[in-house]
Amino acid sequence: MYNMFRFFKRFAFFFKKNLWKYSLGIFFLMFVDIVQLYVPEIIKQVTNEFQEGILTQQRLLFFAILTLLTGLGTCIGRFAWRLFIIGSARSLEYEVRRSIFEKCLTLSQTFFAKNKTGALMALATNDVNAIRMAAFQGIIMAVDASFMLGAVIVKMVLNANLRLTLIALTGFPLMVSFVTIFGKKIHKAFKRVQESYSMVTDNAQETFSGIRVVKGFAQDKEFIDRFSKQNKHYFERNLDMIRLRALFRPSIMLMSSLSFLLVLYFGGNAVLSGEISLGEFIAFNMYLQLMMWPLEAFGMVVNVMQRGSASMERVENLLSEEPEIVDPKPTAESKKITSVVFDNVSFSYPTSEQEAIKDISFTAQAGKSLAIIGSTGSGKTTIVNLLLRLYDKTSAGKILVDGIDIKECSLKNIRESIGIVPQDSFLFSRTINDNIAFDYEDTTQEHTSNEKKDLVTNTLMTAINLVKIF
């Protein structure tokens, strides 16, 4: 129950924004429940009139039309609540997935060095889906079960008697205790499933990205074995979850079935003694059947909400991450950089204790050339990373841009003023034109397609000439 309230508190902003949609959805949901409650009344009336010998064809036709109308009302109501509530849940899915993507783009290289791609992909897929289900199924079943249970109990008391109703509710306290205990177990089990899924996804992503290396070094079998172990672990975690769910719902149904047994015995005796009529007994049993759904639904609510809560915790951990590198002047105007100074700069990567560069000093002036040479691993790329502020925490020294500490300069201006050709080749899944003109967008003016085509042509011709030279 605590996790359910925590879920609603976390997404209170969304439910507040979509309050009218959820309100309409809940209204139609309750409308369907009310319509369904009239079906036992119709059966009760038909049975009593038949037993008393006063049922006519006209009355039977009337009851048939009334039953048809209840079915039509149920159909319309279900369409309406699905439209409003499921549609709203999809909006929440969109908002959460967008928040995850936007958050990832604000985080530094250090975060991605510590968190694998597969884990982030799992958050944006499986975890977001679990949150959507909680905002859809969880809410529907919680509202539907609560309203339906209360309405059915009232109808049972009014149409039969209080004693028979209390007998039918005998197993309810036991069921509540069972649901509470199993809810905690489901929460932990689903969290383990998601963590295992993250490992499988990351392994697959890493393998496919480096498939040329894997095949080039004939490491196919080793990677298959490693993936099989992780996939087996994911399979076992899912089996644990399935065992819990397999035991959960049948146990709820078993406890609810005990109520049928008690009602059948005590209610049957009440009919034989003339305490209640046959029609009232049949109607009571139909109400009891309607009550079984809310009791089962409460168990399903716990299952769905616990899964959504576990996923919410994982997503919250990401969204609560603070970016290490922030732009101190995001609205600063672009200006030309005239000098860059490295003053005794030392730096080590977060995943290593060894310094990548140590006591590096140089000055680069506008209009002049500076060449930095060295063997592989000597720190050339590290200097570029620090200049772009892809990493920020130097262990010693300062980096000055036009005499100002680089941490106080506009991050946007620095990165827009520097052009690099990284040694790691990467192409986006777009056209050649889009990849070459990737950073050609100017915020001050719109470029025509012809200008972009000229850029692509010039770039390709330069590449062809370089190939001819070498």
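This talk covers the cysteines, aromatic pairs and salt bridges of the structure above.

Keep in mind that this is a predicted model. Residue numbers count from 1 along the chain.

Cysteines first. How many disulfides does a search of the whole structure find? Zero. Two cysteines are still worth a look for their surroundings. C104 is buried, at 12% relative accessible area. C409 is buried too, with a relative accessibility of 11%. Both values fall under the 20% cut-off, so both residues count as buried.

Next, the aromatic rings. The structure holds eleven aromatic pairs. I will show two of them.

Start with F27 and F28. These rings pair edge-to-face. Their centres are 5.3 Å apart, and the planes meet at 75°. That angle is over 60 degrees, so the pair counts as edge-to-face rather than tilted. And F28 itself: how accessible is F28? Its relative accessibility is 22%, so F28 counts as partly exposed.

Now F111 and F112. This pair is also listed as edge-to-face. Centre to centre, the rings are 5.3 Å apart, with 85° between the planes. Which class does each ring fall into, buried or partly exposed? F111 is buried, at 8% relative accessible area. F112 is partly exposed, at 35%.

Back to F27 and F28 for a moment. They belong to an aromatic cluster, and its other members are W20 and F84. If you have the model open, put those four residues on screen together: W20, F27, F28 and F84.

On to charge. How many salt bridges does the count come to? Twelve. I will take three, and then a network.

The first is in helix α4, which spans residues 57-106. R90 bridges to E93, and the closest N and O atoms are 2.9 Å apart. The two residues sit three apart in the helix, so about one helical turn separates them. What about accessibility? R90 is partly exposed, with a relative accessible area of 43%. E93 is buried, at 9%. So this bridge joins a partly exposed arginine to a buried glutamate.

Stay in helix α4 for the second. E102 and R98 meet through their side chains in a salt bridge, at 3.9 Å from N to O. That value lies within the 4 Å cut-off, so the pair counts. The spacing here is four residues, again about one helical turn. E102 is partly exposed, with a relative accessible area of 44%. R98 is partly exposed as well, at 38% relative accessibility.

The third is in helix α10, residues 220-272. D240 pairs with R243, and the closest N and O atoms are 2.8 Å apart. Being three residues apart in the helix, D240 and R243 are about one helical turn from each other. D240 is partly exposed, with a relative accessible area of 25%. R243 is exposed, at 52%. The cut-off for exposed is over 50%, so R243 passes it.

Last, the network. Which residues are linked with R98 and E102 in a network of salt bridges? K17 and E95. So the E102 and R98 bridge that we just saw is part of a linked set.

To recap. The search finds zero disulfides. The structure has eleven aromatic pairs. The salt bridges come to twelve. Thank you.

Conventions: Predicted model: local features only at pLDDT ≥ 70, side-chain atom pairs only at ≥ 80, totals over all residues. Heavy atoms only, no water. Disulfide = S-S within 2.5 Å. Buried < 20%, exposed > 50% of the residue type's maximum accessible area, 1.4 Å probe, protein only. Phe/Tyr/Trp six-rings, centres within 6.5 Å; stacked < 30°, edge-to-face > 60°.
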